[in-house]
Amino acid sequence: MASVALDRRTLIAGSGAVLAGGVSALLLPARAEGLAATPSMSGGSNNYIKGAPIVERIGKGGFWMSGTVRRAGDGAPLAGQRIQIWAHTVEGQEHEKHSHGATVTDKNGAFRLEMPQIIPIFGQPHGHLAYDSGDFKTVFLRPVMRSPKETKLEAHFVLDKA
Amino acid sequence: MRPARAAAIWAVLTAAIGVPMALAAASDLLAWCGPLYILAGFAGIAALGLVLVQPLLIGGYLPGLSSYRGRRMHRWIGGALALAVVVHVAGLWITSPPDMIDALTYTSPTPFSPFGVTAMWAIFAVAVLAFFRRRLGLRAWRTIHMALAAVIVVGGVVHAMLVEGTMETISKAALCALAAVAATKVMADRLRRGTPRADGNVRQ
C-alpha cells in the first residue's frame with residue numbers, strides 16, 4: 001500500500017518538476033550574472049514566530065533538517081547565518097513555541113538541525129524554514145517530504161542583499 | 001428487486017463509506033493531532049461519503065427507498081453535506097488560520113486546496129439555489145444543479161485523492177471511484193432522458 005502512495009507522489013512530483021522546469025525556462029532567460037536569489041515559497045511563513053532560540057536540537061530529535069545558505073550572484077557560501085526551523089511533528093503543532101528552533105550555518109554555509117519526526121499536516125508532510133536576520137532579504141521556505149516515512153528534509157537558501 | 005441484490009447494494013454502500021472511515025480512525029497520525037483537527041478531517045471524510053450517497057438517492061438506486069423518499073433524503077443529505085464542509089473548514093481554520101486563509105484565497109502551496117475550495121463553493125451554491133428552485137424553474141434548476149454537482153464530484157474527488165492524511169489510499173480511491181461512477185451514471189441517464197419527469201420532481 002505504501003508503494004501505491006509512493007508511486008503517486010513520485011508521479012506528482014515528477015510532473016511538477018517537468019512543469020516547473022518548462023515554465024521557469026520560459027520565464028527566466030539565462031542570466032549571465034549567476035545565481036538567482038531563492039524566492040519565498042507560498043505558505044512558507046505560516047505559523048512563524050519571530051526570534052526562536054538557537055538550540056542544539058528541537059525536542060527529542062530523530063529527524064534531520066539540513067541545507068545550505070549561499071549568496072546570490074557569485075554563490076559564495078555564507079557562514080554564521082541563523083536559520084529558523086519549525087514544523088508539525090510528533091512532539092507538537094506548528095504554532096507551538098517548542099516546535100520552533102534555530103541553528104547557524106558552518107564555514108561552508110551548511111546547516112543541520114535535529115528535530116522531532118515531521119508528520120503530514122494540512123495534507124502534506126512539510127517543514128518551514130526562515131532566514132530573517134536582516135543582513136539579507138528575508139526568505140521563508142516550505143519544503144515537502146517525498147514520503148511521510150522519510151526522516152530527513154533539505155532546504156537551500158540563496159540570499160539577496162537587503 | 002430480489003432481496004439478495006438489495007442487501008448486496010446496501011452492503012457495498014455501507015462498506016464503501018464505513019471501511020475508509022474505520023481505516024482513517026485507525027491511522028497512526030491521529031496520535032499527533034488535536035481533537036479539532038481530527039474532527040475537521042473526519043467531517044471531510046463524511047462529506048466524501050455523502051457525495052457518493054447523493055447520486056444514488058436521486059437516481060433511485062437504493063433499494064427499499066421510494067423515489068419520493070429518495071428525493072426527500074437527497075435534500076436532507078445535501079444540507080448535511082454543506083454542514084460537514086462547514087465543520088471541515090472551520091476546524092482547519094481554528095487549527096491553523098494562515099493555512100486555511102491561503103486555501104480560501106487560492107494562494108495555498110498545496111495542489112489539492114483549490115479543488116476542495118471550488119467544490120465547497122459549488123456545494124454552498126447548490127444549497128442556496130435549492131431554496132429558489134421553484135422560482136428558477138425546473139429546467140434551469142436541473143441544468144444548474146447538474147453542472148454544480150459535476151464540479152462538486154470532480155473537485156471533491158481530486159481534493160481527497162491529493163491529500164496525504166489519515167485516509168488509507170486504496171479505500172479512499174475506491175470511495176472516490178464509486179462516487180465518480182455513481183454521479184456520471186445519474187447525470188448520463190438524466191441527460192439522455194432529456195426533459196424532466198412529470199412525476200412531481202420539484203412539486204411535492
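This report walks through chain A, chain B and the contact they share in a predicted model.

## Chain A at a glance

Let us start with the overall make-up of chain A, which holds one helix and seven strands. Read from the N terminus, its elements follow the order α-β-β-β-β-β-β-β.

Chain A has 162 residues, and 35% of them count as buried. Sequence-distant pairs feature strongly in its contacts: taking those between residues at least 6 apart in sequence, 73% join residues at least 24 apart.

## The four-stranded sheet of chain A

Four strands of chain A form an open sheet in the order β3-β2-β5-β6, and their pairing is antiparallel. The edges belong to β3 (100–104) and β6 (139–141) of chain A; each has a single partner strand, so one side of each lacks a neighbour in the sheet. On average, neighbouring strands here are turned by 20° against each other, with direction ignored.

Now for the pairings themselves. Strand β2(A) pairs with β3(A) in the antiparallel sense over five bridges, and within this part of the sheet R82(A) has V104(A) in β3(A) as its bridge partner. Towards β5(A), strand β2(A) is joined by four bridges, again with the two running antiparallel; here A87(A) is matched with G127(A) in β5(A). Strand β5 (residues 127–131) of chain A is in turn linked to β6(A) by three bridges, also antiparallel, and L129(A) finds its bridge partner in L141(A) of β6(A).

How enclosed is strand β2 (residues 82–87) of chain A by the rest of the structure, and why? Five of its six residues are buried, so β2(A) is largely enclosed.

## Helix packing in chain B

Turning to chain B, helix α1 (residues 3–25) packs with helix α2 (residues 35–59) at an angle of about 175°, and their axes lie 10 Å apart. Because the cut-off for roughly antiparallel is an angle over 145 degrees, α1(B) counts as roughly antiparallel to α2(B). The residues of this contact comprise nine nonpolar, one polar and no charged. On the α1(B) side they are L13(B), A16(B), I17(B), P20(B), M21(B) and A24(B), which meet I45(B), G49(B), L52(B) and L56(B) of α2(B).

Helix α8 (residues 169–193) of chain B gives a neat check on geometry. Its 25 residues, at 1.5 Å a residue, should span 36 Å, and the end C-alpha atoms are indeed 36 Å apart, which agrees. The buried residues of α8(B) are S171(B), K172(B), L175(B), C176(B), A179(B), A182(B), A183(B) and V186(B). They pack against α1, α2 and α7 (138–162) of chain B.

## A loop residue in chain B

F132(B) sits in the loop between α5 (113–130) and α6 (133–136) of chain B. Is F132(B) buried or exposed? With 9 other C-beta atoms within 10 Å, F132(B) is exposed, whereas L175(B) in α8(B) is buried. These two residues are 43 residues apart along the chain, and their C-alpha atoms are separated by 31 Å.

## Where the chains meet

Finally, how many residues does each chain bring to the contact? Chain A supplies 20 residues and chain B supplies 18 residues. On the side of chain A that touches chain B, the residues divide into ten nonpolar, eight polar and two charged.

Terms used
Residues are numbered from 1 along each chain as its sequence is written. Chains are lettered from A and ligands numbered from 1 in the order in which they are written. This is a predicted model: local features need pLDDT of at least 70, side-chain atom pairs count only at pLDDT 80 or more; totals for chains, interfaces and linings use all residues. Two residues are in contact if their C-beta atoms, placed from the backbone, lie within 7 Å. Ala, Val, Leu, Ile, Met, Phe, Trp, Tyr, Cys and Pro count as nonpolar, Asp, Glu, Lys and Arg as charged, and the others, Gly among them, as polar. Axes are lines fitted to C-alpha atoms, for helices over the stretch in contact, and angles run from 0 to 180 degrees between N-to-C directions. Angles under 35 degrees count as roughly parallel, over 145 as roughly antiparallel, 65 to 115 as roughly perpendicular and the rest as oblique. Two strands pair if DSSP finds at least two bridges between them. A residue is buried if 20 or more other C-beta atoms lie within 10 Å of its own, exposed if 12 or fewer, and partly exposed in between; C-beta atoms are placed from the backbone. The expected span of a helix is 1.5 Å times one less than its number of residues.
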